[in-house]
Amino acid sequence: MTSGPAPGPEGPDEAVGPDAGADELPSVAPQLRELRRRAGLTLEAAAARARLSPAHLSRLETGRRQPSLPLLLGLARTYGTTVSELLGETPAVADPIVRAGGPGAREADGWTYWQAGGSGRGMQALRVHVPHGRSQGELVRAHPGEEWLYVLKGRLRLHLAEAEYLLEPGDSAHFDSLTPHRIGAATAGGADLLFVHTLLQSSLAGLCLGGGGAAGAPAHP
């Protein structure tokens, strides 16, 4: 008796023929190739990130093999995108207007946030109230991206690496978020500011408010 081929290292749940799984998922080959090239990765480098063999990723990119849903999720994380983009789906056009009576305030560790920009964007805009004398002002942050803030009311103390700045109403700051930073209110009534940040692709778990990682909370400045 002649035995069949041994299963590949990626597991037995992958379709092994060009048409297997085609009824479940549309071909993702063009998107996979484009996303890898856009990321500037070689086939070997991308395969290592996705924990696949280069030969297996090559078969996915040429359409000779279709990914299972778990593998599709892993590839989306590898390229910093969504399953919808991998499947070639066109996202709905986001509403560009955020009305004054829109999403209500959210609070975490005494800080209060109001959404000032659209959701699902690479840039997030918030209106923030920073209370005076709360412990969160002592938390130091460092993460990929850029941040911009504009003081609306009160005085704000900004620490960037070893430097300290005191910002008055009308002052603004724009800095690389990889610079260790923390902010705190310098007036008894706290400080109000507009805050905009871009979060570059990152697997860091600390991009959230406070130390508890509250679900749905925006990244802390």
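**Close-up 1. Strand β4 pairs with β9.** In this predicted model, seven bridges link β4 (residues 146-153) with β9, and the two strands run antiparallel. To find your way along the pair, look for Lys153, whose bridge partner in β9 is Asp192. Strand β9 itself covers residues 191-198.

**Close-up 2. Strand β9 also pairs with β3.** Here the neighbour is β3 (residues 123-130), antiparallel to β9 and joined to it by eight bridges. A handy landmark is Val128, which has Leu193 of β9 as its bridge partner.

**Close-up 3. A nonpolar patch lies on the surface.** Three residues make up this patch: Trp148, Leu152 and Leu194. Together they offer about 230 Å² of accessible area. Leu194 belongs to strand β9, so you have already met its surroundings in the views above. Is Leu194 buried, partly exposed or exposed? Its relative accessibility is 30%, so Leu194 counts as partly exposed.

**Close-up 4. Three strands form an open sheet.** Follow the order β6-β5-β8, and you will see antiparallel pairing. The edges are taken by β6 (163-167) and β8 (181-185); each has a single partner strand, so one side of each is left without a neighbour in the sheet. From one strand to the next, the twist averages 20°.

**Close-up 5. Strands β5 and β6 meet within the open sheet.** Five bridges hold the antiparallel pairing of β5 (residues 156-160) with β6. If you would like a residue pair to start from, try His159, which stands opposite Glu164 in β6.

Notes
Residues numbered from 1 in each chain as written. Predicted model: local features only at pLDDT ≥ 70, side-chain atom pairs only at ≥ 80, totals over all residues. Heavy atoms only, no water. Patch = residues over 30% accessible without salt bridge, like charges linked within 9 Å, V, L, I, M, F, W, Y side chains within 5 Å. Areas by Shrake-Rupley, 256 points an atom, 1.4 Å probe, with all protein chains shown as cover. Salt bridge = Lys/Arg side-chain N within 4 Å of Asp/Glu carboxyl O. Helix = DSSP H or I, 4+ residues; strand = E, 2+ residues; numbered from the N terminus. Buried < 20%, exposed > 50% of the residue type's maximum accessible area, 1.4 Å probe, protein only. Pairing = 2+ DSSP bridges. Axes fitted to C-alpha atoms, helices over the stretch in contact; angles between N-to-C directions.
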